[in-house]
Amino acid sequence: MVTPAARCEAVEVAVSEHSMSRRRACGLVGISRSQTYYQARPSSDLELREKIKELAVKHPRFGYRRLRKKLREEGFMDNHKRICRVYREERLQVSIRRRKCTAKYRGEGKIKPIRPNHFWCMDFVHDSTFDWRKLKFFAVIDAFTRENLALEVDTSIGGERVSRILDGIIATRGYPEVIVSDNGPEFICKLMDAWAYKRGVKLQFIEPGKPMQNGFIESFNGKFRDECLNVSYFLGVRDAKAIATAFRHDYNNVRPHSSLKYMTPAEFAAAVVNDFSPPRGAKGGGEGLGDGQTESRMVDSHLEWS
């Protein structure tokens, strides 16, 4: 018996069942007789409660201080503490609206790849280890050759890590004209804006909620999940890196691609590399174009296969 209500109940049991006087029962239990006679008064804030709910429905973004001002106009003179208590008991607190990251989609149309390094696509795929640690896979592909240029995995990959991965690809492959991605925070951050500006690369974002506007990477993600993630058991990050590296090698060099007339991406890239290299003596790097007829012929065959 700890609470006063429990002690009062014990006194009533002693008086009714054991024919004990109230004075003696109160002395044994350790409670004053006046407490046993106390009767709780019903709450008098029912009218106030109903009015607060009515005003909250009418002004859903008002806090209890603004509602208090409206209650004063209605003739309720209760102090702010009672109003705040009733306001909280009815769970009428106004939730804070967090500002979401604004999408950077500006109505750009869909791009058709016409040569290697014309545009890349990048996206994230999520999974977990056997002990439910989150894994984050970052994938980059060339939309024309379908080559998987990078497949990094870690527990966290931010904008700075993304820029370093892209720099590593550029060091061996050259600069793309456009990189297409969704509106994820890793891609729309200021760091990536500065990175793209310094390197002369255009970042193009798809419309929010329409992932198929970035269909090339979504196709890769589906194959990656179906053929690798769903059939693999990750013991940790190191194990996931080894499995992802093996899948990337298999995807680029072994796995036939239906959109490339069942050539592997590496075979297709090797077949078209001479058609898109600059003529001998021309200025520029390895990503220049050959003659217009050759480019047109290869583009038409590529689109036919796609």
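**Exercise 1. A buried arginine**

In which helix does Arg 161 lie, and is Arg 161 buried or exposed in this predicted model?

*Solution.* Begin with the position in the chain: Arg 161 belongs to helix α7, which spans residues 159-173. Next, take the relative accessible area of Arg 161, which is 19%. Buried means under 20%, so at 19% Arg 161 counts as buried. Finally, look for the residues that touch Arg 161, leaving aside its neighbours within four places in sequence: these contacts are Glu 152, Val 153, Asp 154 and Ser 156.

**Exercise 2. The chain as a whole**

Describe the chain by its helices and strands, its buried share, its contacts and its surface.

*Solution.* Start with the secondary structure, where the chain has 13 helices and five strands. Then turn to burial: the chain has 306 residues, and 39% of them count as buried. For the contacts, consider those with a separation of 6 or more, of which 58% are between residues 24 or more positions apart. The last step concerns the accessible surface, which comes to about 18900 Å² for the chain, with 51% of this belonging to carbon and sulfur atoms.

**Exercise 3. The two sides of helix α9**

Work out which residues of helix α9 are buried, why they line one face, and what they pack against.

*Solution.* First list the buried residues of α9 (residues 190-199), which are Met 192, Trp 195 and Ala 196. Seen down the helix axis, these residues fall within an arc of 95 degrees, and therefore they line one face of α9. The spacing behind such a pattern is general: an α-helix has 3.6 residues a turn, so residues three or four places apart point the same way. On the other side of α9, the exposed residues are Lys 190, Tyr 197 and Lys 198. The buried residues pack against several elements, among them β1, α7 and β5. To complete the picture, follow the chain beyond α9 to Gly 200, whose phi is positive, near 70 degrees.

**Exercise 4. Helix α11 and its surroundings**

Compare the span of helix α11 with the expected one, and then separate its buried side from the face turned away.

*Solution.* Helix α11 runs over residues 237-253, and its 17 residues reach 24 Å from the first C-alpha to the last, which is close to the 24 Å expected at 1.5 Å a residue. Its buried residues are Val 237, Ala 240, Ala 244, Phe 247, Tyr 251 and Asn 252. Because they cover an arc of only 120 degrees around the axis, they are on the same side of α11. The face turned away from this buried side carries Arg 238 and Thr 245, which are exposed. What covers the buried residues of α11 includes the strands β2 and β3 together with the helices α10 and α12.

One residue of α10 can now be examined in detail, namely Glu 227. Its relative accessibility is 34%, and it counts as partly exposed. Leaving aside neighbours within four places in sequence, Glu 227 is in contact with Phe 247 and Arg 255. The C-alpha atoms of Glu 227 and Tyr 251, which are 24 residues apart along the chain, are separated by 10.0 Å.

**Exercise 5. A nonpolar patch on the surface**

Which residues make the nonpolar surface patch of about 370 Å², and where does Phe 130 lie?

*Solution.* The patch is made by Phe 130, Tyr 233 and Leu 235. Locating Phe 130 leads to the loop between β1 (119-128) and β2. The relative accessibility of Phe 130 is 44%, and this residue counts as partly exposed.

Technical notes. Residues are numbered from 1 along each chain as its sequence is written. This is a predicted model: local features need pLDDT of at least 70, side-chain atom pairs count only at pLDDT 80 or more; totals for chains, interfaces and linings use all residues. Side-chain values use heavy atoms; hydrogens and water are left out. Helices (H or I, at least four residues) and strands (E, at least two) are DSSP runs, numbered from the N terminus. Buried means under 20% relative accessible area, exposed over 50%, partly exposed in between (1.4 Å probe, protein chains only). Contact means heavy atoms within 4.5 Å. Accessible areas come from the Shrake-Rupley method with a 1.4 Å probe; for residues, only the protein chains shown count as cover. The expected span of a helix is 1.5 Å times one less than its number of residues. The arc is that of the directions from the helix axis to the C-beta atoms. Patches are made of residues with over 30% relative accessible area and no salt bridge: like charges are joined within 9 Å, nonpolar side chains (Val, Leu, Ile, Met, Phe, Trp, Tyr) within 5 Å. A salt bridge is a side-chain nitrogen of Lys or Arg within 4 Å of a carboxyl oxygen of Asp or Glu.
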